[in-house]
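Hello,

Here is the structure we talked about handing over. Please open it first, then read the notes below.

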Amino acid sequence: MKNSRSVVYTSSPLLASRTPVWRSKFIVAAIAIGFVGLAARSTWIQVVGNDFFRKQGEVRFARTLELPANRGRILDRNGLLLATTVPAPSIWAIPEDVDADDGQLAQLAKLLELPLPELRKKLADEDKTFVWLKRQVDEPVARQIAALGVKGIYERKEYKRQYPEGEAAAHVVGFTNVEDRGQEGVELAFDKDLAGRAGSRRVIKDRLGRIVEGVGETQPPVDGHDLQLSIDSKVQFFAYQKLRDAVMEHRAKAGSVVVLDVETGEVLALANYPSYVPNRRQNLTGAQLRNRALTDTFEPGSTMKPFIAALALDKGMVRPDTQIQTAPGRLTIGGSTIGDAHAYGLLTVEQIIQKSSNVGTVKMAMQMQPREMWDLYTQVGFGQRPQLPFPGIVSGKLRPPKTWRPIEQATMSYGYGLSASMFQLARAYSVFARDGELVPVTLLKTQGTAAGVRVLQPQTAKSVRHMLHLATQAGGTAPKAQAMGYSVGGKTGTAHKQEGKGYADKKYRGFFVGLAPVEKPRIVVAVMIDEPSAGRYFGGDVAAPVFSATVQQTLRILGVQPDMNVKPQIMVQAVEESF
């Protein structure tokens, strides 16, 4: 029995009609051509012309990671750290992923040292996929933040510089920014040597930022070189401490001190006050940042008088015992009057330097040609930029001799009408310490005795050293410069401060530049106190005591044997210097 139902196709006119053979062949051919086109396009994209698509893929997922180089350390002459690099994680967030209650946000703000409203503001923009919360926090802080377990808060491994000597060496060492690039001091001057060269690594990341695989070769970083300075951190700290105490005692605006080793030309200390802590630079002022010993210039005053005496001796115009009449204590040149603090009368050349007589100095200077004075000043470095790779270092001012009028030649002999930095003044005095040779200076540690440039005859330099020694004895302008166990010599200077086109009323700079020991000098020390306002302002009162303490400590550290078996003479009232 047949139960199957038959289908009658002819019941539909469409189905009953005969389909042309060419139509089916056309459809099959079209489908085949389509597949061939797709295959050709696929082959082109994946094999032949894939550069564009590969680049688009790399733009979206391939990344070049920088492999940072370790920044070199900065060391003092004895290998003690002045600057080094330590881990300092940076905290960042994905705002849209942050999930924290009020208590967690308050703790996070406290750890980041941010006001809570500021933290909320950083996290408020949910359209952002990245925002820094704080760069370079201490590791213990990063661990506490991680312990909070706040979703969407992450840390990135970074590094920052640490400065163990703090404010004492700040103006020498300087600092770097958050990108580890030098901004001031040695960090800036030697940035290329310290920074090294970063490496790179090419990787593929997924959409969540996770590294999937490495691509190509890794370029390893080249670490920066360590830098060993000539600075002695013990001398630096002591000099800074004594300078700071003097500035505070005399209620001064600022101060500077420079210590040079005249055998090697090395800078043992270079300090300024006010200073700053390199690791805490919030709310810094220009006054704190200025490296005054190198960048500030001033009229050097009476510290220039020994150079006039040296030039007169070197040319055979006078001898140390030659007498010069300074009475009545005044001298008029071109309508201007030059005066001494006292009417000294007849003085020898030695006594002119000892008592700092303007009149006696001018009478020697006016026997010279302006060019002769200018030659000596330039030979010892005035008007010349010191050859130190240091940012902001200045050359001072020394006009060409052909423009000098007689009164200007006279005032330049005792330090008015030209300008110099404290560092230039310290280096210039090395010509007396090195028996007439000017020593080249360096901030890097060196070995052996530096070759100097002959400027004066050896006997001339020795004679001037004796004059400088007399200036620190009874009857001189700086008995407070005497040092326990060591003979010293030096010259005081006190100069009115310039304001606009004239001089400020009752504003002075007091300074002292000297050397020790006198017979065979090892160091030159220069000290400047800016605007002392506690009553005393002469260099012999405000700067000489800093010189004395710094000399004693520095020579002991260097292992120089004392050359005096007795204590310094009882301090007597210093002779007032003329300025």
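**What was found**

Lysine 315 is partly exposed, because its relative accessible area is 44%. Keep in mind that this is a predicted model.

Lysine 315 has a charged partner. It forms a salt bridge with glutamate 372, and the closest N and O atoms are 3.7 Å apart. The two residues come from distant parts of the chain, 57 residues apart. Lysine 315 sits in the loop between helix H13 (305-314) and strand E16 (323-325). Glutamate 372 sits in helix H16 (residues 370-379). Glutamate 372 is partly exposed as well, at a relative accessible area of 25%.

**Other salt bridges**

Side chains of opposite charge can pair when their charged atoms come close. The count for this model is 28 salt bridges. Here are some of them.

Glutamate 249 pairs with arginine 536, with 3.5 Å between the closest N and O atoms. Glutamate 249 belongs to helix H10 (residues 233-249), while arginine 536 is in the loop between strand E25 (523-530) and helix H21 (539-542), so the salt bridge ties together parts that are 287 residues apart in sequence. Arginine 536 counts as partly exposed, at 38% relative accessibility.

Lysine 480 and aspartate 541 also meet through their side chains, at 3.2 Å from N to O. This pair, too, links distant parts of the chain, 61 residues apart. Lysine 480 is in the loop between helix H20 (458-471) and strand E23 (489-499), and aspartate 541 is in helix H21. Which of the two is buried, and which is partly exposed? Aspartate 541 counts as buried, at 13% relative accessibility. Lysine 480 is partly exposed, at 27%.

There is also a network. Arg71, Arg161, Glu187 and Asp191 are joined into one by salt bridges that share partners.

**A buried glutamine**

Glutamine 409 is in helix H17 (residues 406-413). Is its side chain's residue buried or exposed? Glutamine 409 is buried, because its relative accessible area is 6%, and buried means under 20%. Leaving aside residues up to four places away in sequence, glutamine 409 touches Ala365, Met366, Met368, Gln369, Pro370, Met373 and Trp404.

**Two helices that cross**

Two packed helices are described by the angle between their axes and the distance between the axes. For H13 and H20, the axes come within 9 Å and cross at roughly 140 degrees. The crossing of H13 past H20 is right-handed. On the H13 side, the contact uses Pro306, Ala309, Ala310, Leu313 and Asp314. On the H20 side, it uses Thr460, Ser463, Val464, Met467 and Leu468. Seven of the residues in this contact are nonpolar, two are polar and one is charged.

**A small set of strands to look at**

Three strands make an open sheet in the order E5-E4-E6, and the pairing is antiparallel. Strand E5 (131-134) and strand E6 (153-156) stand at the edges with a single partner strand each, so one side of each has no neighbour in the sheet. From one strand to the next, the twist averages 40 degrees. Strand E4 (residues 90-93) pairs with E6 over four bridges, in the antiparallel sense. Alanine 93 has isoleucine 153 in E6 as its bridge partner. Helix H5 (residues 116-124) packs on the sheet and touches E4 and E5. The direction of H5 makes about 160 degrees with that of E5.

Best wishes

Methods. Residues numbered from 1 in each chain as written. Predicted model: local features only at pLDDT ≥ 70, side-chain atom pairs only at ≥ 80, totals over all residues. Heavy atoms only, no water. Salt bridge = Lys/Arg side-chain N within 4 Å of Asp/Glu carboxyl O. Buried < 20%, exposed > 50% of the residue type's maximum accessible area, 1.4 Å probe, protein only. Contact = heavy atoms within 4.5 Å. Axes fitted to C-alpha atoms, helices over the stretch in contact; angles between N-to-C directions. Left-handed = near helix turned anticlockwise from the far one by under 90°. Nonpolar A, V, L, I, M, F, W, Y, C, P; charged D, E, K, R; others polar. Pairing = 2+ DSSP bridges.
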